[in-house]
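This briefing is meant to be read beside the coordinates, and it moves from the overall fold to the strand pairing, then to the pockets and a single loop residue. Please keep the sequence at hand while following the residue numbers.

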Amino acid sequence: MKRTLVIMVFLMTISQIQAQILLDPSSRKVGSIDAIINELYHVNSGKKGYDRNWADFKYLFYPGAKIIPTGPSLDGNHLAKFMTPDEYKKSSEEWLKENGYFEKEINREMEVFGNIAHVFSTFEAYHSPTDPYPALRGIKSIQLLNDGLRWWIVNVYWMQETRTKPIPRDYLPD
C-alpha cells in the first residue's frame, strides 16, 4: 500500500510538471523543430542598440550544449571555437547591440530519427532589416534532442560562406 502511494504521488508530480510545461507560453517556442529553429533566429536578431533576450536564448539549449562557430585562423587553417550559450552571450552581446544583426533562414534540410534531429539551416545576416543585401551568409548545422516533453538544441555549428567556399546550390532556396 505504501509503495503504491509513493508511485501514485510520483506519477502525479510528473503529470503536474508536464502540464506546467504545456501551459508555459515559452514552451510553444520549443514544442516543434520549426518553432525552436525560428526562435533561435529570432532571439539572436535585433536592431542596433537592442538588448537580446538572453533568458529566452538560453532556454533553447540542452544542459552542456555547445555553440561552435568556425573560421580561418591567421595561418589559413580552419578552426572551431567551442562555447557554452553563456560564453556566446559574453563574447557576442556588445557586438550584436552595437552593430545590429538580423538573421534570416533561407533554406532548411532536415533529418529526424526518433528523438534526434539534424538541421542544415542556410542563413543570411543583415545589420538592418532594410539592408538590400546580406552582410554575410552561411550554414548552421543544428543538432536537436526531444526529451519527450520538448525539443532542445544540443549543438549549433556553423560556417560562413566565403569567395572560395560558396554555399552549394543544394542548400540554397529553389
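In what order do the elements of the chain run from the N terminus on? The order is α-α-α-β-β-α-β-β-β-β, in what is a predicted model, and the secondary structure comes to four helices and six strands. Of the 174 residues of the chain, 35% count as buried. Among the contacts in the chain with a separation of 6 or more, 53% are accounted for by residues that stand 24 or more positions apart.

**Strand pairing, from S3 to S5**

- Strand S3, which covers residues 102-113, runs antiparallel to strand S4, which covers residues 116-126, and 11 bridges join the two.
- One of the facing pairs involves Phe-102, which stands opposite Tyr-126 in S4.
- S3 and S4 form a hairpin with two residues between the strands, and in this hairpin Gly-114 takes a positive phi near 55°.
- S4 is also joined to S5 by 10 bridges, with the two strands running antiparallel; Ile-116 stands opposite Leu-145 in S5, and Val-119 stands opposite Ile-142 in S5.
- S4 is a mostly covered strand, since eight of its 11 residues are buried, a class that requires a relative accessible area under 20%.

**Strand pairing around S6**

- Strand S5 (residues 136-146) and S6 run antiparallel and are joined by nine bridges.
- The bridge partner of Ile-142 in S6 is Val-156, while Ile-142 is also the residue of S5 that Val-119 stands opposite.
- Gln-143 has Asn-155 as its bridge partner in S6, and Lys-66 likewise stands opposite Asn-155 in S6.
- The hairpin formed by S5 and S6 has four residues between the strands, and Gly-148 in the turn has a positive phi of about 100°.
- Strand S1, residues 61-72, pairs with strand S6, residues 151-160, in the parallel sense, through five bridges.

**The largest pocket**

- How much space lies in the largest pocket? The volume is about 510 Å³, and of the 22 residues that line this pocket, Tyr-88, Ser-92, Tyr-101, Trp-158 and Gln-160 are the closest to its centre.
- H2, S1, helix H4 (85-99), S5 and S6 each supply at least two residues of the lining of the largest pocket, and the largest share, five residues, comes from H4.
- Sorted by class, the lining of the largest pocket holds 14 nonpolar, five polar and three charged residues.

**The second largest pocket**

- About 200 Å³ of space lies in the second largest pocket, and of the 14 residues that line it, those closest to its centre are Phe-120, Ile-139, Trp-158, Met-159 and Gln-160.
- Trp-158 and Gln-160 are thus listed among the residues closest to the centre of the largest pocket and also among those closest to the centre of the second largest pocket.
- S5 and S6 each supply at least two residues of the lining of the second largest pocket, and S6 gives the most, with four residues.
- The lining of the second largest pocket comprises eight nonpolar, four polar and two charged residues.

**Ser-45 and its surroundings**

- Where is Ser-45 found? Ser-45 is in the loop between helix H2 (33-44) and helix H3 (54-59).
- Is Ser-45 buried or exposed? Ser-45 is buried, because its relative accessible area is 10% and the class takes in values under 20%.
- A polar atom of the side chain of Ser-45 lies 2.8 Å from the backbone nitrogen of Glu-103.
- When neighbours within four places in sequence are left aside, Ser-45 is in contact with Tyr-50, Arg-52, Tyr-101, Phe-102 and Glu-103.
- Two of these contact partners recur above: Tyr-101 is among the residues closest to the centre of the largest pocket, and Phe-102 is the residue that stands opposite Tyr-126 in S4.

Terms used
Residues numbered from 1 in each chain as written. Predicted model: local features only at pLDDT ≥ 70, side-chain atom pairs only at ≥ 80, totals over all residues. Heavy atoms only, no water. Buried < 20%, exposed > 50% of the residue type's maximum accessible area, 1.4 Å probe, protein only. Polar contact = N/O pair within 3.5 Å; in protein donor to acceptor, adjacent residues only side chain to side chain. Contact = heavy atoms within 4.5 Å. Pairing = 2+ DSSP bridges. 1 Å grid on protein atoms, 1.4 Å probe; cavity = no way out; pocket = protein on both sides within 12 Å on 5 of 7 lines; lining within 4 Å. Points joined across faces, edges and corners; volume = space filled by probe spheres on them. Nonpolar A, V, L, I, M, F, W, Y, C, P; charged D, E, K, R; others polar.
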